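Please open the model in your viewer and keep the sequence panel visible. The tour proceeds by selections, each followed by a description of what is found there.

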Amino acid sequence: TLDDLSFIDETQRVEFTLGQDRYFVQLRPIRDTHGINWLSVIVIPEADFLGPIVASTKTTFLFLAIALVLTIATGVLFVKRVTRPLEKLTAATHQIREGRQVEIPHSRWIREIDDLASSFEDMSTQLNSTLGSLKAQISERKQAQQTLQESEERLRMYIEKSPLAIFVSDDEGRFLDVNSAACQLTGYTK
């Protein structure tokens with residue numbers, strides 16, 4: 001409190017609270033040459049100059065929040081627009097991996113994804129062609145192996161049932177195989 005104001009000889013600033021309101025006070029002595037001493041007191045409630053600032057700050061934060069929400073929503077929509085073709089392409093490649101014939105989805109919005117889809121489509125066609133060719137070769141080889149096995153069994157039967165002695169030897173003269181007639185002729189066992 002200021003009980004004695006005579007000690008104020010230069011400008012002073014004071015703050016005080018009355019109720020819930022805050023006030024700013026400026027005390028300034030005024031002296032003239034005729035000996036008149038005055039004290040200028042200026043009192044400004046904080047709400048008078050901070051009210052518009054607070055309102056402006058609230059409005060700014062509101063606009064920033066709206067801009068943030070719009071930016072996030074736009075970003076999410078953009079990311080979905082970019083990733084949706086990639087998700088479809090990924091699903092198609094999983095189906096190709098499982099051996100299914102699928103139509104590769106293309107993206108008309110993003111050239112790189114469309115190029116990637118075209119590459120996968122070419123690889124899928126080439127892979128299916130190669131798999132078909134390999135299946136045909138495997139089938140042919142199985143048939144050839146079965147025919148060879150049947151032929152070997154017939155030959156083995158003809159050699160074994162032949163009344164003539166048959167000796168099979170290598171280049172050095174070692175016997176590799178003989179039939180029953182050769183064993184009877186020589187008296188040796190196989």
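Begin with helix H2, whose buried residues pack against helix H1. Helices (H or I, at least four residues) and strands (E, at least two) are DSSP runs, numbered from the N terminus. The model is a predicted one, in which local features need pLDDT of at least 70 and side-chain atom pairs count only at pLDDT 80 or more, while totals for chains, interfaces and linings use all residues. Residues are numbered from 1 along each chain as its sequence is written, and side-chain values use heavy atoms, with hydrogens and water left out.

**Stop 1: helix H2**

Select residues 111-161, which form H2. This helix has 51 residues and reaches 74 Å from its first C-alpha to its last, close to the 75 Å expected at 1.5 Å a residue; the expected span is 1.5 Å times one less than the number of residues. Next, colour Ile 113, Ala 117, Ser 124 and Ile 159, the buried residues of H2. Buried means under 20% relative accessible area, exposed over 50%, and partly exposed in between (1.4 Å probe, protein chains only).

**Stop 2: the contact of H1 with H2**

Add residues 46-97, helix H1. How do the two axes lie? The axes of H1 and H2 come within 11 Å and cross at roughly 10 degrees, which makes H1 roughly parallel to H2. Axes are lines fitted to C-alpha atoms, for helices over the stretch in contact, and angles run from 0 to 180 degrees between N-to-C directions. Angles under 35 degrees count as roughly parallel, over 145 as roughly antiparallel, 65 to 115 as roughly perpendicular and the rest as oblique.

Show the side chains of Val 82, Pro 85, Leu 86, Leu 89, Thr 93 and Ile 96 on H1; these meet Ile 113, Leu 116, Ala 117, Phe 120, Ser 124 and Leu 127 on H2. Contact here means heavy atoms within 4.5 Å. The residues of this contact divide into 10 nonpolar, two polar and no charged. Ala, Val, Leu, Ile, Met, Phe, Trp, Tyr, Cys and Pro count as nonpolar, Asp, Glu, Lys and Arg as charged, and the others, Gly among them, as polar.

**Stop 3: Ile 104**

Move to Ile 104, in the loop between H1 and H2. Is Ile 104 buried or exposed? Ile 104 is buried, with a relative accessible area of 2%. Leaving aside neighbours within four places in sequence, Ile 104 is in contact with Leu 89, Ala 92, Ile 96, Ala 117, Phe 120 and Glu 121. A distance label between the C-alpha atoms of Ile 104 and Ala 117, 13 residues apart along the chain, should read 6.3 Å.

**Stop 4: the salt bridges**

Side chains of opposite charge can pair when their charged atoms come close. A salt bridge is taken as a side-chain nitrogen of Lys or Arg within 4 Å of a carboxyl oxygen of Asp or Glu, and the count comes to six.

Select Arg 156 and Asp 177, whose closest N and O atoms are 2.6 Å apart in a salt bridge. This pair links distant parts of the chain, with Arg 156 in H2 and Asp 177 in strand E5 (residues 175-178), 21 residues apart. Arg 156 is partly exposed, at 41% relative accessibility.

Then select Lys 190 and Glu 160, a salt bridge with its closest N and O atoms 3.0 Å apart. Lys 190 lies in the segment after helix H3 (180-186) and Glu 160 in H2, so the pair ties together parts that are 30 residues apart in sequence. Lys 190 is exposed, at 62% relative accessible area, whereas Glu 160 is partly exposed, at 25%.

Arg 174 and Asp 170 form a further salt bridge (3.0 Å, N to O), in which Asp 170 is partly exposed at 21% relative accessibility. Finally, select Glu 15, Arg 22 and Glu 46, which are joined into one network by salt bridges that share partners.
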